[in-house]
Amino acid sequence: MQDFSSVERGRYLATAADCGSCHTIPGSDHPLSGGRPIETPFGVLVAPNITPDRETGIGAWSDDEFDAAVRKGVRRDGKRLYPAMPFPYFARMTQEDVKDIRAYLSTIEPVHNPVAVNQLPFPLNQRMAMTVWDTLYFTPGEFREQPDKSKQWNRGAYLVEGPGHCGACHTPKTALGGDMPDKRLQGYTLQGWAAPDITSGQGPLADWSADDLAQYLKTGHNRFAAAAGLMGEVVELSTSKVSDDDAKAMATYLKGQSGPKPAADSAAESHVMAAGGAIYQDLCSACHKSDGSGVPNLIPDLAHAATVSTGDPTTVLRVILQGAQSVATDQEPTGPAMPAFGWQLNDAQVAAVATYVRNHWGKAPPVSEDEAKKERAQLDARTN
Amino acid sequence: MARKLPRKDVVIVGLGWTGSIMAYELADAGLDLIAIERGPWRNTATDYPPGYAADELRYRIRHELFLSPSQTTFTFRHKMSEAALPIRSWGAFMPPNGVGGGGVHWNAETWRFLPSDFVLKTHLTERYGVNFLPEDMTIQDWGVTYDELEPHYDKFEYLCGTSGQAGNIKGTIMDGGNPFEGPRARAYPNPPQDQPFGHALFGKAARDLGYKPFPQPSGNMSRPYQNPLGVRLGPCTYCGFCEWFGCGNYSKASPQTTVLPALVRKPNFTARDNSEVTRINVDSSGKRATGVTFVDAAGDEWEQPADLVVLSAYTIFNVQLLLLSGIGKAYDPAANTGVIGRNFTHQTTSDVVSFFDPAKFVFNPFIASGAIGMCIDEFNGDNFDHGPHGFVGGGYMGHVQTNGRPIETTPVPPGTPLWGAAWKKAVKENYQSAIKPGTGVHGSMYSYRDVYVDLDPAYKDRFNRPLVRITMDFHDNEIKQNKFLTDKFAEIFQAMGAKQVHKEYRKAPYDITKYQTTHLCGGAIMGSDPTTSALNRFLQSWDVPNLFVLGASAFPQNAGYNPTGTVAALAYWTADAIRSKYLKNPGQLINA
């Protein structure tokens with residue numbers, strides 16, 4: 001028998017866990033029916049159908065089988081899941097919460113959609129290897145509250161480390177794709193975007209208050225930054241739909257995470273800065289203003305937008321070359337976009353202006369012409 | 001044979017200012033609606049980003065954002081006795097195209113009309129007697145009053161974040177604003193824009209002459225703004241690429257920067273771009289619209305059934321669709337019968353170009369915005385006694401120079417050679433110290449029996465439909481009005497210390513090749529009498545009650561202001577009537 005409050009809790013948790021992002025093809029009329037390719041450092045995986053279709057979805061699974069997949073990374077046939085499914089995070093969820101998600105998933109439209117999940121090359125297509133991986137990188141066990149911390153902090157910790165699986169993108173990975181436990185949330189680059197350091201010690205979010213973070217999660221915008229790319233998708237599908245209290249709890253927890261000081265100050269060469277500054281005033285200042293401060297909730301403040309000053313320049317280069325569409329949400333429907341400049345600026349000019357915006361207001365390392373060239377080539381090869 | 005699409009509650013024809021406003025209001029009321037737009041979808045960052053938005057050749061000279069005459073055009077003649085010829089390159093006005101319509105490339109001059117403008121015939125007749133008006137002048141009252149429209153003006157100004165200085169709040173005259181404006185409920189949402197040197201100097205000279213100058217109300221933001229729909233705009237950078245251009249940095253009020261981001265989030269709203277509506281369909285009684293027929297970019301024909309049809313294309317295209325669909329009786333100027341096509345008007349503008357001593361005056365004309373400027377309203381509407389002057393009407397006048405763009409902004413003193421070294425030398429000498437306001441005298445054009453539009457008997461468009469034929473010329477009343485206003489305008493530049501003032505009066509015949517404004521008005525006018533108006537006071541068709549026709553086509557005559565504020569206020573007024581009256585009891589809202 002279905003219990004409405006259980007289904008409703010499950011719907012909320014499935015949103016907080018952003019299941020739809022991977023398990024739905026963007027724009028599809030059939031939510032959670034799978035088929036979206038997930039880019040990993042090792043190759044492409046395709047998210048399976050998790051609608052209640054008995055043949056091609058999870059309709060025939062028992063609750064225990066569902067729980068084993070979500071929290072232990074073990075498929076119904078006993079084989080191991082690849083960690084593109086963030087089960088190492090979902091392991092922190094309570095059994096009750098996962099059961100509620102299952103209850104919700106049982107209520108959505110069943111879609112018959114067979115998905116060929118594994119398109120990895122040999123030997124990675126051998127799921128046996130995952131047993132070794134799990135031994136190295138997977139720690140089972142539900143989240144345990146820390147009694148010396150506030151209720152809000154603990155709720156935030158649960159959401160960030162559990163369903164929210166923030167570290168799946170923001171925590172640096174080993175060569176085998178496992179989280180580096182001593183560098184939690186300190187930034188990682190995946191799917192063509194640099195997910196910045198979101199600790200709050202001395203990194204790019206040092207000046208963000210918990211309210212700034214919560215506003216960003218809820219609306220995609222704040223006085224400093226705008227969510228675009230993968231984070232725009234996370235905001236659109238997940239964090240903008242969590243409650244104000246939960247957004248604040250996540251922000252509170254993140255603000256409590258200490259992190260390292262960014263790489264030592266590295267001043268750029270003066271002629272590069274002069275060129276970058278000239279390009280900046282010509283092309284960028286109309287929106288971002290001459291001093292880089294932007295317009296709150298509309299145009300990012302370049303001194304405080306984490307993706308600008310994070311160590312890896314991937315995102316800043318990508319946005320300059322290709323432009324970026326920021327997310328539109330109910331509270332901030334504007335969805336302003338940054339135009340592409342790749343057609344207008346050569347690699348040296350892109351590197352110069354990237355160096356200028358990173359080095360003039362912050363102290364992020366300079367960007368070389370070669371990096372700009374590589375990023376341009378990678379973007380040309382991308383299909384998204 | 002057109003293929004039939006699933007029925008909608010509402011079909012909206014044209015997704016510019018009025019279509020966007022109406023779509024938002026009706027989507028908000030829960031109706032299932034579709035908007036069909038002839039041109040492409042347009043977005044700031046992808047269609048006119050700062051990297052090339054300021055391309056004068058592309059946008060100003062080659063008209064990128066406008067309708068291409070190869071898509072459709074109009075024929076033009078001055079007199080009913082002449083044969084009309086097709087316009088092959090836009091001149092006197094610029095028909096918009098694409099999502100956002102004229103709201104993408106307008107200056108954002110956001111005016112309200114005077115209270116007397118809405119009761120013009122009654123007002124002028126009472127003050128001057130019926131014999132004061134020219135015999136063939138066909139001006140009318142609108143059927144709606146300023147006081148009724150005030151909340152809707154207000155709504156549009158707060159949607160846009162209009163920057164300005166109120167002149168009359170609830171009857172209290174405010175220093176620094178326009179003392180002639182009708183009473184407003186509250187101040188503008190944003191303070192006025194900063195005025196550059198020349199514009200400020202004009203204000204001072206006007207004040208010294210005894211006038212009450214005020215900053216032009218502007219949809220260019222004086223500061224960051226979030227409107228009631230939650231949509232944000234950034235502060236204007238005074239780049240001077242506004243009129244004829246899309247704003248690259250979210251600083252100019254347009255459907256894209258005020259309504260569309262909120263509208264596209266509504267699940268009951270859909271839009272089709274690159275699709276041209278060719279006909280409004282009516283049932284066999286001829287009294288009920290059943291939807292529209294349109295042609296998509298592939299040339300395929302579709303029928304979109306709907307319970308309610310909202311026509312919100314550009315003035316002249318509204319009239320064209322009514323004529324082609326046989327809705328309402330076509331105007332016959334000879335018999336003086338019929339309504340569709342009558343009371344067609346434009347604007348009566350002129351300019352004064354002033355030359356100052358370059359050693360003493362450096363105006364930096366490139367520091368500007370689309371609606372920058374200091375204006376006076378002493379000679380607008382009936383703000384002055386017309387008795388001694390023998391004409392009616394008027395306009396605001398102001399130093400409203402919006403740019404120093406290099407291709408077009410080359411004022412040289414009269415007598416300078418038109419090309420060569422002497423011309424170049426004069427351009428260089430005068431560029432920083434000359435003032436060319438553009439349409440500094442923004443006069444009204446009232447309506448006449450022989451100024452109208454109908455279907456051309458000879459020329460057809462790409463769908464083999466007759467083109468619209470414009471029959472238009474200036475009448476003596478407007479020429480006198482312009483002479484009087486232009487002389488007054490020139491006096492202010494004289495007072496500023498110009499060493500040479502060159503008056504460019506507007507003269508007959510009407511010149512279809514020379515830009516005035518894009519403010520074509522009338523042709524499907526509102527009013528109280530079905531024999532002289534196409535629409536009732538709610539912009540509802542007298543003949544087909546489930547058809548509403550928005551836009552300046554409803555103006556019985558044009559006033560001495562830019563029309564967008566009034567166009568938008570009427571759209572909100574109509575939306576309110578549909579929501580509060582029509583939906584409860586669909587049918588004719590006025591018994592005439």
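In helix 11 of chain B, the buried residues are Thr315(B), Ile316(B), Phe317(B), Asn318(B), Val319(B), Gln320(B), Leu321(B), Leu322(B), Leu323(B) and Ser325(B). The model is a predicted one, and in it this helix spans residues 315-325. Because 10 of its 11 residues are buried, helix 11 of chain B is largely enclosed by the rest of the structure. Just after the helix comes Gly326(B), which has a positive phi, near 65°.

Burial also turns up at a charged side chain of chain B, Asp117(B), which is buried yet takes part in no salt bridge. The nearest side chain of opposite charge belongs to Arg127(B), 11 Å away, whereas a salt bridge calls for a separation within 4 Å. Asp117(B) sits in the loop that joins helix 5 (102-105) to helix 6 (120-128) of chain B. Apart from neighbours within four places in sequence, the residues in contact with Asp117(B) are Trp142(B), Gly381(B), Gln557(B), Ala559(B) and Tyr561(B).

Turning to the cysteines, a search of the whole structure returns 0 disulfides over all chains. For Cys166(A), the closest cysteine sulfur is that of Cys169(A), and the two sulfurs lie 8.9 Å apart, so they are too far from each other for a bond; the cut-off for a disulfide is 2.5 Å. Cys239(B) is likewise in no disulfide, with the nearest cysteine sulfur, in Cys247(B), 6.6 Å away. As for their surroundings, Cys166(A) is buried, at a relative accessible area of 15%, while Cys239(B) is partly exposed, at 42%.

Notes: Residues numbered from 1 in each chain as written. Chains lettered and ligands numbered in written order. Predicted model: local features only at pLDDT ≥ 70, side-chain atom pairs only at ≥ 80, totals over all residues. Heavy atoms only, no water. Buried < 20%, exposed > 50% of the residue type's maximum accessible area, 1.4 Å probe, protein only. Helix = DSSP H or I, 4+ residues; strand = E, 2+ residues; numbered from the N terminus. Lys, Arg positive; Asp, Glu negative; His and termini not counted. Contact = heavy atoms within 4.5 Å.
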